[in-house]
Amino acid sequence: MAELRNMSVTDSRTRSATRRVTAAPDTVISAENLTLGYGSFVAVRDVSLDIPDRKVTAIIGPSGCGKSTLLRAMNRMNDVVPSANVQGRLLYRGLDIYSPRCDSVELRLKIGMVFQRPNPFPKSIYKNVAWAPKINGYRGDMGELVERSLQHAALWDEVKDKLHQCAYALSGGQQQRLCIARAIALQPDVLLMDEPCSALDPIATARIEDLIDELENRYTVVLVTHNMQQAARVSDLTAFMYMGELVEFDATETMFTKPGRQRTQDYITGRFG
Amino acid sequence: MVLVQGEPSTDDEGDRAMTTRVRWAEQLIRHALFACALLSIVTTAGIVWVLASESFAFFREVSPFEFFLGTRWAPLLEPRSFGILPLICGTFLVAGGALLVAIPIGMGTGIYLSEYARPWVRGILKPILEILAGIPTVVYGYFALTFITPQVLRPLIPQTEIFNVASAAIVVGVMIIPTIASLCDDAFRAVPRTLREAAYALSATRLEVSTRVVVPAAMSGVVAAVLLAFARAIGETMAVTLAAGMTPKLTLNPLESVQTLTGYIVQVSLGDTPAGTIEYQTIFACGMTLFLITLTINIVAHRVLKRFREVYE
Ligand SMILES: Nc1ncnc2c1ncn2[C@@H]1O[C@H](COP(=O)(O)OP(=O)(O)O)[C@@H](O)[C@H]1O
Ligand SMILES: [Mg+2]
């Protein structure tokens, strides 16, 4: 894992660019017969899927079907739950995420996360964005990194005159974009988003959706959402989960126009959920 | 009731009697409880009144100027002198030294309890902390005098006096560790889990999460904890009198003996000073000074704590 910390973003870009010469798109995260549980309770059962590079992959399904559990396994955020357990394999660019060789702290340099509710630190806007690069020993121009991150999160124009004000003074939607800026300041490879718009109003939601469209060029995005329109609007691929199992995983267009399974069809047309 | 006009049922009457009885009992309890509350207020007011009036009598004899700015405290010996600064100096020297001991250990314990300890370890440690807080303070004083000074300090630094600030500061520090640890633990646990998750997801280690997110977010809680512990250290009497001695002295040397405000009050209260004399009144002036110091610290601490609660609401 040590090489992950040193590997600059451009390295991984060129590597994936050369690999893309092969017919199939690159797989960034790959689950192989993955089963996740809390104690004896099984939350995700026997899931296998490949998440492709530089695409938006949506995970949809009714509440409690295991979307968050699956997503949080990808950057080992489940480690903080003492009863959480894992079977099967989960690979990040070939590295087994749950092997002893993988250090969760270093893994999270490459796999960032945005949460359901905006959770900025009670610090200034600037310090929020600079926080992670600083503790990870970033040696470049911090001011420039903060500006670039805020620009990529489509927040720069709104906050450039009040960088040193407390982040809590921002609106919910702005706070969520700040959290995205904070995550991309580490220049990650993958961004995991767990229902990033569920606490936001429709206008703020639309802005985040536009942002996700732009992020796709730079990052691999895995987006959990219970909002099917959102999945249809922003994602390239969609995985449908139901009661801990992966029912279907395909191109978003296929999933929403001619799904292969009856259950997917029922969910998408709103017959349950 | 309207249905059975003019002929109220017996049931109904019974109900009413019962209600009246209950009401009456409730009134009684209400008044009794009010009396309890009143009693504690009256007691406090009475204490403040005695302090104030005796201090007033004192200040008719001794000018406040001499009292608060004089640098020699010798109210019992000729030539007399009523400068309280040596006592205040002794008090703050011991209490400040106690904070030097208690802040790092108390905060470290708080961080361990809230961020590192598994639930069962926590379940054992918290009660132990409370036991530590329940040890009679005279035991701490005895421990300082018979162990810390002769077995620890004097072998290290031979010129240490038998009674000295350092041993008092160490035991008072140990005494207030539970206060700081427990209040810090509460303040740290009040930091929302979502902030910790945000930090972990940004590749922070547990130590970075603790020191760079949890502690700063709970800073006002930490400050309040330290202030409350400080007020306790200033009011501490028995251990300090036993360990630091009874030599009023304007000094910063922790190896010397000093006297604190509380220590002086004990000395005079235990002696045979006749009531009404100026020597007797000094203890009320000292008591008033002590009261004002701890009151100020407590008010500031509660202000800080209140601000802290508002942050996450
Ligand atoms: N920390 C936990 N401990 C025990 N059970 C949990 C925990 N988190 C989630 N679960 C359970 O796992 C299942 C899946 O939860 P989750 O992954 O949060 O679903 P979703 O995100 O799709 O709503 C639910 O039944 C939930 O009750
Ligand atoms: Mg969820």
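Where chain B meets chain A, 17 residues of chain B and 25 residues of chain A make the contact. Keep in mind that this is a predicted model. Let's look at that interface, then at a pair of helices inside chain B.

**Between the chains**

- People often give the size of an interface as the accessible area lost when the parts come together.
- Here, about 1,700 Å² is buried between chain B and chain A, and carbon and sulfur atoms give 68% of that area.
- On the chain B side, B:Ala201, B:Leu202 and B:Ser203 lose the most area to chain A, and together they make up 35% of what that side buries.
- How many salt bridges are there between chain B and chain A? The count is one.
- A salt bridge joins the side chains of B:Glu197 and A:Arg72, at 2.6 Å from N to O.

**Two helices in chain B**

- To describe two packed helices, you give the angle between their axes and the distance between the axes.
- Helix α5 of chain B covers residues 137-156 and helix α6 of chain B covers residues 165-189; their axes come within 9 Å and cross at roughly 130°.
- That's why α5(B) and α6(B) are oblique to each other.
- The crossing of α5(B) past α6(B) is right-handed.
- From α5(B), the contact uses B:Thr137, B:Tyr140, B:Phe143, B:Ala144, B:Ile148, B:Thr149 and B:Leu153.
- From α6(B) come B:Ala166, B:Ser167, B:Ile170, B:Val171, B:Val174 and B:Met175.
- Sorted by class, this contact between α5(B) and α6(B) has 10 nonpolar residues, three polar ones and no charged ones.

How values were computed:
Residues numbered from 1 in each chain as written. Chains lettered and ligands numbered in written order. Predicted model: local features only at pLDDT ≥ 70, side-chain atom pairs only at ≥ 80, totals over all residues. Heavy atoms only, no water. Axes fitted to C-alpha atoms, helices over the stretch in contact; angles between N-to-C directions. Helix = DSSP H or I, 4+ residues; strand = E, 2+ residues; numbered from the N terminus. Parallel < 35°, antiparallel > 145°, perpendicular 65-115°, else oblique. Left-handed = near helix turned anticlockwise from the far one by under 90°. Contact = heavy atoms within 4.5 Å. Nonpolar A, V, L, I, M, F, W, Y, C, P; charged D, E, K, R; others polar. Buried area = accessible area lost by both parts, 1.4 Å probe. Salt bridge = Lys/Arg side-chain N within 4 Å of Asp/Glu carboxyl O.
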